[in-house]
Amino acid sequence: MMFCQASFFGSGAYITGLLIHHFQPNIFLCMGTAVAGVALLALVFGYMGTLRIGSYCVLLTLAFNELIFFIAYQWKTLTEEATV
């Protein structure tokens with residue numbers, strides 16, 4: 001059981017938004033890249049989560065969720081627009 005579905009949804013939205021903002025390519029290309037990025041993230045999180053059993057797996061997925069949350073809110077150079 002994994003509890004970081006919202007992290008995958010948010011990561012996909014962030015990847016799409018950042019690609020559109022910085023590179024301005026086709027929207028479908030951005031969304032496809034976001035799906036590939038989130039699939040890679042899910043593969044890493046899923047592999048690490050399956051190495052644990054029981055409540056340790058649940059706690060690990062909650063920790064992954066918090067990791068994505070803090071990256072989104074604390075990594076200011078990535079998530080905020082530069083002022084001129």
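Select Met 48 to begin: at 37% relative accessibility, Met 48 counts as partly exposed, because that class runs between under 20% for buried and over 50% for exposed. The model on screen is a predicted one. Met 48 sits in helix α2, residues 27-50.

**The patch around Met 48**

Add Leu 40, Leu 43, Val 44, Tyr 47 and Leu 51 to the selection. With Met 48, these residues form a nonpolar patch on the surface. Together the members have about 620 Å² of accessible area.

**The whole chain**

Zoom out and show the protein as a cartoon. The secondary structure consists of 4 helices and 0 strands, and the order along the sequence is α-α-α-α. The C-alpha atoms fill a box of roughly 50 × 25 × 15 Å along the principal axes.

Switch to a surface view next. The accessible surface of the protein is about 6,300 Å², and carbon and sulfur atoms hold 73% of that surface. Of the 84 residues in the protein, 21% are buried. Among contacts with a separation of 6 or more, 54% join residues 24 or more positions apart.

**Helix α2**

Return to the helix that holds Met 48 and select its two end C-alpha atoms. They are 34 Å apart, which agrees with the 34 Å that 24 residues should span at 1.5 Å a residue.

Which residues of α2 are buried? Select Cys 30, Ala 34, Val 38, Phe 45, Gly 46 and Gly 49. What do the buried residues of α2 pack against? Their partners are α1 and α3, so keep both helices displayed for the next stops.**Helix α1**

Move to α1, residues 5-23. This helix has 19 residues and reaches 27 Å from its first C-alpha to its last, close to the 27 Å expected at 1.5 Å a residue.

Colour Ser 7, Phe 8, Ser 11, Gly 12, Thr 16 and Leu 19, the buried residues of α1. Looking down the axis of α1, these buried residues fall within an arc of 165°, so they line one face of the helix. They pack against α2 and α3.

Pick Thr 16 from that set. Thr 16 counts as buried because its relative accessibility is 13%. Which residues does Thr 16 touch, not counting those up to four places away in sequence? Show Ile 27, Cys 30, Met 31 and Ala 34 as sticks to see these contacts. Cys 30 and Ala 34 also appear among the buried residues of α2.

Now turn α1 around. The face turned away from its buried side carries the exposed residues Ala 6 and Phe 9. At 69% relative accessibility, Phe 9 counts as exposed. For a distance check, select Phe 9 and Phe 70: they are 61 residues apart in sequence, and their C-alpha atoms are 15 Å apart in space.

Before leaving, go to Gln 24, just after α1. Gln 24 takes a positive phi of about 50°.

**Helix α3**

Select residues 55-74, which make up helix α3. Its end C-alpha atoms are 28 Å apart, in agreement with the 28 Å that 20 residues should span at 1.5 Å a residue. The ends can be picked by name: Gln 74 and Ser 55 are 19 residues apart in sequence and 28 Å apart in space, C-alpha to C-alpha.

Colour the buried residues of α3, which are Cys 57, Thr 61, Phe 64, Ile 68 and Ala 72. They cover an arc of only 70° around the axis, which puts them on the same side of α3. An α-helix has 3.6 residues a turn, so residues three or four places apart point the same way.

What does the face of α3 turned away from its buried side carry? Select Tyr 56, Leu 59, Tyr 73 and Gln 74, which are exposed. Gln 74 counts as exposed because its relative accessibility is 53%, and the cut-off for that class is over 50%.

**Last stop: Val 58**

Stay in helix α3 and select Val 58. Is Val 58 buried, partly exposed or exposed? With a relative accessible area of 24%, Val 58 is partly exposed. Add Phe 3 to the selection. Val 58 and Phe 3 are 55 residues apart in sequence, while their C-alpha atoms are 6.9 Å apart in space.

Definitions and conventions: Residues are numbered from 1 along each chain as its sequence is written. This is a predicted model: local features need pLDDT of at least 70, side-chain atom pairs count only at pLDDT 80 or more; totals for chains, interfaces and linings use all residues. Side-chain values use heavy atoms; hydrogens and water are left out. Helices (H or I, at least four residues) and strands (E, at least two) are DSSP runs, numbered from the N terminus. The expected span of a helix is 1.5 Å times one less than its number of residues. Buried means under 20% relative accessible area, exposed over 50%, partly exposed in between (1.4 Å probe, protein chains only). The arc is that of the directions from the helix axis to the C-beta atoms. Patches are made of residues with over 30% relative accessible area and no salt bridge: like charges are joined within 9 Å, nonpolar side chains (Val, Leu, Ile, Met, Phe, Trp, Tyr) within 5 Å. Accessible areas come from the Shrake-Rupley method with a 1.4 Å probe; for residues, only the protein chains shown count as cover. A salt bridge is a side-chain nitrogen of Lys or Arg within 4 Å of a carboxyl oxygen of Asp or Glu. Contact means heavy atoms within 4.5 Å.
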